[in-house]
Amino acid sequence: MAKSHKPVVWFPFAAGGTVIAFFIPVIVLLTLMAALGHAPAGLDYANLHAFAANGLGKLIIFGVVSLSMWSSAHRLRCTFYDFGVRADTAVATILYLAAIIGSILAAIYLLRI
Amino acid sequence: MSNSPPRSHPPLAAPPEGAAASLGRPGGSSERTVTLEVLRYDPDTDSEARFQRYEVVCQEEWVVLDALNKVKADIDPTLNYRWSCHMAVCGSCGMMINGEPKLSCHAFLRNYEGVIRIEPLANFPIERDLVVAPDDFMDKLKRVKPYLIPKQEKPISEGEYKQTPAQLMKYRQYSMCINCMLCYAACPQYGLTPSFIGPAALTLAHRYNQDSRDGGRKERQEVAATHEGVWECTFVGACSEVCPAHVDPASALQQMKITSSIDWIVEHLIPGGKP
């Protein structure tokens, strides 16, 4: 039996899962705080804009966004599989394509800043 | 055997706090009539399975297996089920109790209300009544080579293969499997994809891979690193929830995914790399 090539999609999924676990709850909390007008002074618009304008900042934001999207796409693919949707290739293609398009859009927006 | 008297149980699962009090009978033993709804099926004579109800007078501290033994002894000797140790060690009395895979010797009646529905382990063919055919699991177990394959055979004169306590701890948890197959009955992937090697067999492969005396990982990867091996697992985690020996097969499979992924990178992305 041939060994599987699934690590290609699983590694970014695992990395994305770690990113989601560490960053996303904080980002959601800070976004909510900002929406309610309680963002810490260091996280105001000007500072965050400067962070996104910096090369390293762009890379970090891109990493968080693309890995999170890839991880969510893979998780959703597994969920479909768990529920017995066995058109795995079609599901995987659609979901991974969405993650890839999302990542490209994130890169485009970041490069415009 | 089947008319054995009620016995005291080893402290495998402490009763929930206040369990006796909530039943209004603080302390002491008392009787209770329990209704069991047991799946009956004989492939030789029945065209389909049916449920049969038994009213059983049970002691409050009994487990489901005691109730089944009482049925077999006093009500219906034709009922078939497997059991042996009555202390969650042998792993032979696994069945679905109210839809959950459980060892019937470990399922206390006091934790159930109303009719208790008892079915054979899910995802396995029924041999008769509550007895399932474990052949598929046994075959998969063999395929992962669940035994020590020494890196180098050495003559007996050179003495034993020694191991430090730290080396033992790396695999000890995964060596506690009692082959009860509850994890297979709980795993939705095994239910949907019968070719999946499954939680217990892969966990045993991991157990030997982690053993400092073993050198057989490469051989086991031929089965474990395939689509039907760890990559069929979608980390539902039901295997770990139902495991009576707290082996946590889900963690073993996730660790195997990491090492298999590293193997893949070494094999495909590093020139001349061999896992």
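**Close-ups of pockets, cavities and the chain interface**

**View 1. The second largest pocket, with H106(B), V242(B), C243(B), P244(B) and H246(B) nearest its centre.** Those five belong to a lining of 20 residues. This is a predicted model, so treat this view and the others as views of a prediction. The pocket has a volume of about 410 Å³. Two elements of chain B, β4 (100-103) and α9, each supply at least two residues of the lining. β4(B) gives the most, with 4 residues. If you sort the lining by class, you get 14 nonpolar, 3 polar and 3 charged residues.

**View 2. The largest pocket, with a volume of about 540 Å³.** Here we move to chain A, where I27(A), L30(A), T31(A), L48(A) and I61(A) lie nearest the centre of the pocket, out of 15 lining residues. The elements that hand over two or more residues to this lining are α1 (7-35), α2 (45-53) and α3 (55-82) of chain A. Which of them has the largest share of the lining? That would be α1(A), with 6 residues. As for chemistry, the lining has 13 nonpolar residues, 2 polar ones and no charged ones.

**View 3. The largest cavity, about 130 Å³ in volume.** Zoom in on its centre and the closest residues are C187(B), C233(B), V236(B), G237(B) and C239(B), part of a lining of 15 residues. Three helices of chain B each put in two or more lining residues: α6 (188-192), α9 (238-242) and α10 (249-269). Of the elements around this cavity, α10(B) gives the most to the lining, with 3 residues. The class split for this lining is 11 nonpolar and 4 polar, with no charged residues.

**View 4. The second largest cavity, about 110 Å³ in volume.** Look for C177(B), C180(B), C183(B), A200(B) and C243(B), which lie nearest its centre among 14 lining residues. The elements giving two or more residues to this lining are α5 (182-186) and α7 (199-209) of chain B. By class, the lining counts 12 nonpolar and 2 polar residues, and no charged ones. C243(B) may ring a bell: this cysteine is among the residues nearest the centre of the cavity here, and also among those nearest the centre of the second largest pocket in View 1. For the overall tally, the count comes to 4 cavities of 30 Å³ or more.

**View 5. Where chain B meets chain A: 25 residues of chain B in contact with 16 residues of chain A.** Together the two chains bury about 1,900 Å², and 63% of that is on carbon and sulfur atoms. On the chain B side, the residues that lose the most area to chain A are W231(B), T234(B) and W264(B), which together make up 31% of what that side buries.

**View 6. Polar contacts and helices at the same interface, with 9 residue pairs in polar contact between chain B and chain A.** How many salt bridges are there between chain B and chain A? The count is 0. Helices α6, α8 (217-224) and α10 of chain B each bring at least two residues to the side that touches chain A. Top contributor is α10(B), with 10 residues. That side of chain B has 9 nonpolar, 10 polar and 6 charged residues. Keep an eye on α10(B) when you flip between views: this helix gives the most to the side of chain B that touches chain A, and α10(B) also gives the most to the lining of the largest cavity.

Note on methods:
Residues numbered from 1 in each chain as written. Chains lettered and ligands numbered in written order. Predicted model: local features only at pLDDT ≥ 70, side-chain atom pairs only at ≥ 80, totals over all residues. Heavy atoms only, no water. 1 Å grid on protein atoms, 1.4 Å probe; cavity = no way out; pocket = protein on both sides within 12 Å on 5 of 7 lines; lining within 4 Å. Points joined across faces, edges and corners; volume = space filled by probe spheres on them. Nonpolar A, V, L, I, M, F, W, Y, C, P; charged D, E, K, R; others polar. Contact = heavy atoms within 4.5 Å. Buried area = accessible area lost by both parts, 1.4 Å probe. Salt bridge = Lys/Arg side-chain N within 4 Å of Asp/Glu carboxyl O. Polar contact = N/O pair within 3.5 Å; in protein donor to acceptor, adjacent residues only side chain to side chain.
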